[in-house]
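Here are a few short exercises to work through with the model open beside you. Try each task before reading its solution.

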Amino acid sequence: MSSGHANPIKAILLALGANFAIFVAKLFAAFVTGSGAMMAEAVHSLADCGNQGLLLLGIRQARRPPS
């Protein structure tokens, strides 16, 4: 079934989707409750999405030939 090699892009995209869904849920909770702590958690989840974006960018640039 599996050759033992994970697909890093698939894993990063799944993590990105999960973190974005978590961001939306936390943002909604922050607006409903007015909680500053929940807003901070939402921003943290958004930063995690940025990390996944940087990972995707790094993988893309690593595949380019040296300049």
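Helices (H or I, at least four residues) and strands (E, at least two) are DSSP runs, numbered from the N terminus. The model is predicted, so local features need pLDDT of at least 70 and side-chain atom pairs pLDDT 80 or more, while totals for chains, interfaces and linings use all residues. Residues are numbered from 1 along each chain as its sequence is written, and side-chain values use heavy atoms, without hydrogens and water.

**Exercise 1. Place valine 24 and describe its exposure.**

Start with the secondary structure: the chain has 2 helices and 0 strands, and valine 24 belongs to helix H1. Next, recall the classes: buried is under 20% relative accessible area, exposed is over 50%, and partly exposed is in between (1.4 Å probe, protein chains only). Valine 24 has a relative accessible area of 42%, so it is partly exposed. Finally, take a distance: the C-alpha atoms of valine 24 and alanine 11 are 20 Å apart, with their positions 13 residues apart along the chain.

**Exercise 2. Work out how H1 and H2 are arranged.**

Axes are lines fitted to C-alpha atoms, for helices over the stretch in contact, and angles run from 0 to 180 degrees between N-to-C directions. The axes of H1 (residues 8-33) and H2 (residues 36-62) come within 8 Å, crossing at roughly 160 degrees. That makes the two helices roughly antiparallel (under 35 degrees is roughly parallel, over 145 roughly antiparallel, 65 to 115 roughly perpendicular, the rest oblique). Now sort the contact residues: 21 are nonpolar, 3 polar and 3 charged. Here Ala, Val, Leu, Ile, Met, Phe, Trp, Tyr, Cys and Pro count as nonpolar, Asp, Glu, Lys and Arg as charged, and the others, Gly among them, as polar.

**Exercise 3. Find the aromatic pair and classify it.**

Rings of Phe, Tyr and Trp (its six-membered ring) pair if their centres lie within 6.5 Å; planes under 30 degrees apart are stacked, over 60 edge-to-face, and the rest tilted. This rule gives 1 aromatic pair. The ring centres of phenylalanine 20 and phenylalanine 23 are 5.8 Å apart and their planes are at 45 degrees, so the pair is tilted. Both residues lie in H1, 3 residues apart, about one turn of the helix. Lastly, compare exposure: phenylalanine 20 is partly exposed at 45%, whereas phenylalanine 23 is buried at 14%.

**Exercise 4. State the overall extent of the chain.**

Along its principal axes, the C-alpha trace spans about 50 × 40 × 10 Å. Of the 67 residues, 12% count as buried.
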